[in-house]
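Work through the exercises below with the coordinates open. Try each task before reading its solution.

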Amino acid sequence: MGRTGYQSLQHSAWPFEISLGVVGLASSIVMLLHGNMGIWIPMWYDEVSGMVIMFYFSIFILMHSIISWWMDMVFEGTFMGDYTSFERLNIRWGFKLFVLSEIFFFFSFFWAWFYSGIGEISVKFVGKWPPVGVKAIYPWRVPFLNLLLLVSSGMFSQASKWAVSCHSKELDTKKSGHYKFAALLSMMVSILLGLLFLWVQSEEYYWCSYTIADGVFGSSFYMLTGFHGMHVMVGLGFLLVCWFRLLWSHFSFRRSFLGLQNAIYYWHFVDVVWIFLFIFVYGWPHKLLTGVWLWTY
């Protein structure tokens with residue numbers, strides 16, 4: 001370590017366990033959507049029960065591996081001091097590449113959305129997007145409220161990061177306590193706004209006039225917004241872990257707050273994805289893009 005700047009860490013099984021949980025969760029969801037693809041477990045009477053068991057078991061594996069991995073990283077970086085400047089640089093770039101992979105993940109679903117929509121409207125005389133019989137959600141009510149909630153949550157999370165940055169450089173105990181309180185308060189407001197976003201989104205799903213089974217419009221809409229909602233849940237878990245670490249003074253004087261930075265970068269990514277969803281998924285069916293183009297022209 002003295003020559004290279006790197007510390008050899010113990011082998012971890014959590015990435016493999018996370019992959020098992022993700023595969024099991026995705027497979028169970030696909031089988032639940034297609035009833036004839038279920039698995040049969042002898043102790044249960046139907047295939048649906050087996051799929052539900054697989055779904056909850058995959059969630060348990062996923063949550064166990066994520067929590068365990070977080071605990072190991074906090075222990076290694078905060079209490080053991082195993083993360084040198086070189087390793088923090090690797091973690092920072094690794095997380096940026098992870099966010100890049102998430103960008104391409106959503107890019108594939110946006111591609112399907114645009115491919116289907118442009119294909120529909122290119123049919124002469126009869127082509128429409130959304131298709132005939134589907135009433136798209138009006139963008140300037142619930143979707144715009146969600147936009148305000150998520151963007152405001154991102155602003156408060158950024159304020160928390162600024163407070164932590166000042167807190168980690170301040171030696172005066174009194175001023176440091178003020179910065180810590182500001183960081184805790186801003187992060188809590190950010191988490192509450194994110195939870196409110198999920199509740200409003202669930203209400204939108206409940207009152208929506210179309211389902212995932214209503215053609216390519218419904219399936220693309222729910223895949224895009226549903227996967228975004230799952231990423232919001234992951235981001236909220238990330239922020240909640242950082243809130244407790246703030247409470248336990250893990251980001252005190254001259255300590256690295258790389259975990260908080262990565263959490264807020266991820267939260268900003270979730271914000272940007274929702275902005276694109278608002279413009280292209282909610283706004284395009286209501287000619288929002290046409291109005292913007294005419295205004296700029």
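The exercises that follow concern a predicted model.

**Exercise 1. The overall fold**

Task: Find how many helices and strands the protein chain has, and what share of its residues is buried.

Solution:
- Start with secondary structure. The protein chain has eight helices and zero strands.
- Write the order along the sequence. The pattern reads α-α-α-α-α-α-α-α.
- Turn to burial. Of the 297 residues in the protein chain, 38% are buried.
- Add the surface. The accessible surface is about 18000 Å², and carbon and sulfur atoms account for 72% of that area.
- Finish with contacts. Take those between residues at least 6 apart in sequence: 76% of them join residues at least 24 apart.

**Exercise 2. Helix lengths**

Task: Test the end-to-end spans of α3 and α7 against 1.5 Å a residue.

Solution:
- Set up the rule. The expected span is 1.5 Å times one less than the number of residues.
- Apply it to α3, residues 85-121. Its 37 residues should span 54 Å, and the end C-alpha atoms lie 53 Å apart, so the values agree.
- Apply it to α7, residues 258-283. Its 26 residues should span 38 Å; the end C-alpha atoms are 36 Å apart, which agrees.
- Check α7 for a bend. The helix bends by about 30° at L277.

**Exercise 3. Two sides of α3**

Task: Which residues of α3 are buried, and what do they pack against?

Solution:
- List the buried set: E87, F95, V99, E102, F106, F109, F110, W113, S116 and G117.
- Find the partners. These buried residues pack against α6 (215-247) and α7.
- Recall the helix geometry. An α-helix has 3.6 residues a turn, so residues three or four places apart point the same way.
- Now look for nonpolar surface. L97, L100, I103, F104, F107, W111 and Y115 make a patch of about 840 Å².
- Test one member, I103, which lies in α3. Patch residues need over 30% relative accessible area. I103 has 42%, so I103 clears that cut-off and counts as partly exposed.

**Exercise 4. A contact across the sequence**

Task: Is R88 buried, partly exposed or exposed, and which residues does R88 contact beyond its neighbours within four places in sequence?

Solution:
- Place R88. This residue sits in helix α3.
- Classify R88. Its relative accessibility is 28%, so R88 is partly exposed.
- Collect the contacts. Outside the neighbours within four places, R88 touches Y83, S256 and L258.
- Take L258 further. R88 and L258 are 170 residues apart along the chain, yet their C-alpha atoms are separated by 7.4 Å.

How values were computed
Residues are numbered from 1 along each chain as its sequence is written. This is a predicted model: local features need pLDDT of at least 70, side-chain atom pairs count only at pLDDT 80 or more; totals for chains, interfaces and linings use all residues. Side-chain values use heavy atoms; hydrogens and water are left out. Patches are made of residues with over 30% relative accessible area and no salt bridge: like charges are joined within 9 Å, nonpolar side chains (Val, Leu, Ile, Met, Phe, Trp, Tyr) within 5 Å. Accessible areas come from the Shrake-Rupley method with a 1.4 Å probe; for residues, only the protein chains shown count as cover. A salt bridge is a side-chain nitrogen of Lys or Arg within 4 Å of a carboxyl oxygen of Asp or Glu. Helices (H or I, at least four residues) and strands (E, at least two) are DSSP runs, numbered from the N terminus. Buried means under 20% relative accessible area, exposed over 50%, partly exposed in between (1.4 Å probe, protein chains only). Contact means heavy atoms within 4.5 Å. The bend at a residue is the angle between axes fitted to the seven residues ending there and the seven starting there.
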